[in-house]
Amino acid sequence: MIQQFDLGDVVQMKKPHACGSNEWTIIRVGADVKIKCDSCGRIVMLDRADFVRMGKKTLKKKETGTEA
Ligand SMILES: [Zn+2]
């Protein structure tokens with residue numbers, strides 16, 4: 001689960017994308033969360049609750065740029 005997330009964070013989901021990559025950048029946070037596949041650029045929209053549930057971990061926080 002990913003409890004804490006912000007716009008611009010790079011996250012890993014429990015399931016990798018169909019293209020084989022598993023790095024997603026958060027491009028919108030609201031009632032829904034939009035994430036963009038860093039490899040193929042595909043954008044996926046999830047309910048906030050689904051995002052939290054399907055998220056695995058944060059790879060990179062936008063603010064600090066440090067590895068999680
Ligand atoms: Zn992809």
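In what order do the five strands form the open sheet? Let me take that up straight away, with a reminder that what we have on screen is a predicted model.

Reading across the sheet, the order is β4-β3-β2-β1-β5, and the pairing is antiparallel. At the edges sit β4 and β5, the latter covering residues 55–60, and each of these pairs on one side only. If you look at how neighbouring strands of this sheet lie against each other, they are turned by 40 degrees on average, ignoring direction.

Now let's zoom in on β3, which runs over residues 32–37. Which of its side chains are buried? The side chains alternate along the strand: V33, I35 and C37 point to one face and are buried. D32, K34 and K36 point to the other face and are not buried.

Let's go through the partners of β3, beginning with β2, residues 24–29. These two strands are antiparallel and share five bridges. To find your way along the pair, start from T25: its bridge partner in β3 is K36. The link between β2 and β3 is a hairpin, and two residues make the connection.

On to β4, residues 43–47, which also pairs with β3 in the antiparallel sense, over five bridges. Here are two places to click on. K34 has M45 as its bridge partner in β4, and V33 stands opposite L46. So that you can place them again on the faces of β3, V33 is one of the buried residues, while K34 points to the other face. β3 and β4 form a hairpin too, this time with five residues between them. Have a look at G41 in that turn, where phi is positive, at about 85 degrees.

Last stop, the beginning of the chain. M1 lies in the segment before β1, the strand at 10–13. Is M1 buried or exposed? M1 is exposed, because just 11 other C-beta atoms lie within 10 Å, and a residue counts as exposed at 12 or fewer. M1 does have partners from farther along the sequence, though: setting aside neighbours within four places, M1 is in contact with V52, R53 and G55. G55 falls in the 55–60 range of the edge strand β5. There is also D50, which is 49 residues from M1 in sequence and 9.6 Å away in space, C-alpha to C-alpha.

Thanks, everyone, and happy to go back to any of these views.

Key:
Residues are numbered from 1 along each chain as its sequence is written. This is a predicted model: local features need pLDDT of at least 70, side-chain atom pairs count only at pLDDT 80 or more; totals for chains, interfaces and linings use all residues. A residue is buried if 20 or more other C-beta atoms lie within 10 Å of its own, exposed if 12 or fewer, and partly exposed in between; C-beta atoms are placed from the backbone. Helices (H or I, at least four residues) and strands (E, at least two) are DSSP runs, numbered from the N terminus. Two strands pair if DSSP finds at least two bridges between them. Axes are lines fitted to C-alpha atoms, for helices over the stretch in contact, and angles run from 0 to 180 degrees between N-to-C directions. Two residues are in contact if their C-beta atoms, placed from the backbone, lie within 7 Å.
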